[in-house]
Amino acid sequence: MDLHLSHPAIEDLKRTGKRNVPHFVWEYLDSAVGQEEARRRAETALDEVRLLPHMMRGIAAPDLSARLMGRDYPLPFGFAPVGMSGLIWPGAERALARLAAKEGLPYTLSTVAAATPEEVGPKVGDQGWFQLYAPADPEIRRDMCARARDAGFHTMVLTVDLAVASRRERLQRARLTNPMTLTPRLVIDAARRPSWALATLSAGIPRLKTLERYTDPNAKGSATAHVGYQIRTAPDVAYVRALRAEWDGPLVVKGILSANDAEIAREAGADAIWVSNHGGRQFDGGPPPIHQLPQIRATVGSDTPLLYDSGIRSGLDIMRALALGADFCMIGRAVHYGLAAFGPKGAAHAVSVLRAQLLADMANAGCARLGDLGEHLVSEAL
């Protein structure tokens, strides 16, 4: 089957993915917090950004390469951290790490992944980033950093927009717990998706393996408050400074929507700012991240790298974010829709779709380089 014919867009992968995994898995991947307005606003606001095509430029093969924090990448996006990717498809973390290494793109392993840094590091090559949910105990923080460094991860991403567990009502209704407990309801749900169920049984029930050194793996959690919250704290500026002193590689602060917060993070030692609303999964009342991007860029200046996620469903959305000041985008749900649809082959197809869309839309906009996209902005759309 030629997936470019049957699934030419991320939305096609999303529809197939919903059919191919159990309901509780889909709710874990696709749900947001509250009424999910923050997620919808992020997508709608991207749709409203207009780029003016420039004609008679003779551009047939635009340059999609990007430079970020001293490294060159063939595409302007990488893989955002998604907790428990292994729930979406068994072995997902390793599969995504291998894909990232093959494509030359960064892969960010979550603290709450179903695989450890030691397991993923050998697969990701030189493309490994590690995402940290702030442990309250400095010794645990230092041990996590040492494990990531020893496994070959070169960039640390501190997530600051998750102070406490959010209320994801869809997820609560799905009755998913972490660690996952196979209740009769979940068993029936899984049995309706035999490919996922058999693969999961073969690989083993996914669990928060990185945290098992620091927590009781038998502790009971809930749909949104898993055992990782036993060790977590809400990071402050002092926490950023402490991590900066301990980590000798690039440090990215993720989850920023305020220009003032971006400047504070930069002054505390962040090498890059990651503009994000956590996919709408934490706070439903915030503004669309794309609306915040220009002000954050103006505040931190041109020398501070800005990463962007939230609401990206296409290559055109990536172009919109870059035009408004981002240096690089990170993709979470889009790649995982591919995993849900076709496993590792679907994740690779998601990357292929975004690449093909970027090539076509850049050429049709008459834009030869990603750095020139700002010249195509239609001002009244901002």
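Reader: Before we get to helix H7, what does buried mean here?
Author: Buried means under 20% relative accessible area. The model is a predicted one.

Reader: OK. Which residues of H7 are buried?
Author: Helix H7 covers residues 117–124, and Pro-117, Val-120, Gly-121 and Val-124 are buried in it. Those residues span an arc of only 110° around the axis, so they lie on the same side of H7.

Reader: What do they pack against?
Author: Two helices and two strands: H6 (92–103) and H8 (138–150), plus E4 (107–109) and E5 (128–133).

Reader: And what about phi just after H7?
Author: Gly-125 comes there, with a positive phi of about 65°.

Reader: Switching to Ser-110. Where is it found?
Author: Ser-110 sits in the loop between E4 and H7.

Reader: Buried or exposed?
Author: Ser-110 has a relative accessible area of 2%, so it counts as buried.

Reader: What does its side chain reach?
Author: The Ser-110 side chain comes to 3.0 Å from the backbone nitrogen of Val-112. Setting aside neighbours within four places in sequence, Ser-110 also contacts Pro-81, Val-82, Gly-83, Phe-130, Gln-131 and Tyr-133.

Reader: Now the whole chain. How many helices and strands?
Author: The protein chain has 17 helices and ten strands.

Reader: What is the radius of gyration?
Author: It is 20 Å, which agrees with the value near 21 Å for a compact globule of 382 residues. Of those 382 residues, 58% count as buried.

Reader: How much area does the chain expose?
Author: About 15300 Å², with carbon and sulfur atoms supplying 52% of that area.

Conventions. Residues numbered from 1 in each chain as written. Predicted model: local features only at pLDDT ≥ 70, side-chain atom pairs only at ≥ 80, totals over all residues. Heavy atoms only, no water. Buried < 20%, exposed > 50% of the residue type's maximum accessible area, 1.4 Å probe, protein only. Helix = DSSP H or I, 4+ residues; strand = E, 2+ residues; numbered from the N terminus. Arc of directions from axis to C-beta. Contact = heavy atoms within 4.5 Å. Polar contact = N/O pair within 3.5 Å; in protein donor to acceptor, adjacent residues only side chain to side chain. Rg over C-alpha atoms; globule rule 2.2 N^0.38 Å. Areas by Shrake-Rupley, 256 points an atom, 1.4 Å probe, with all protein chains shown as cover.
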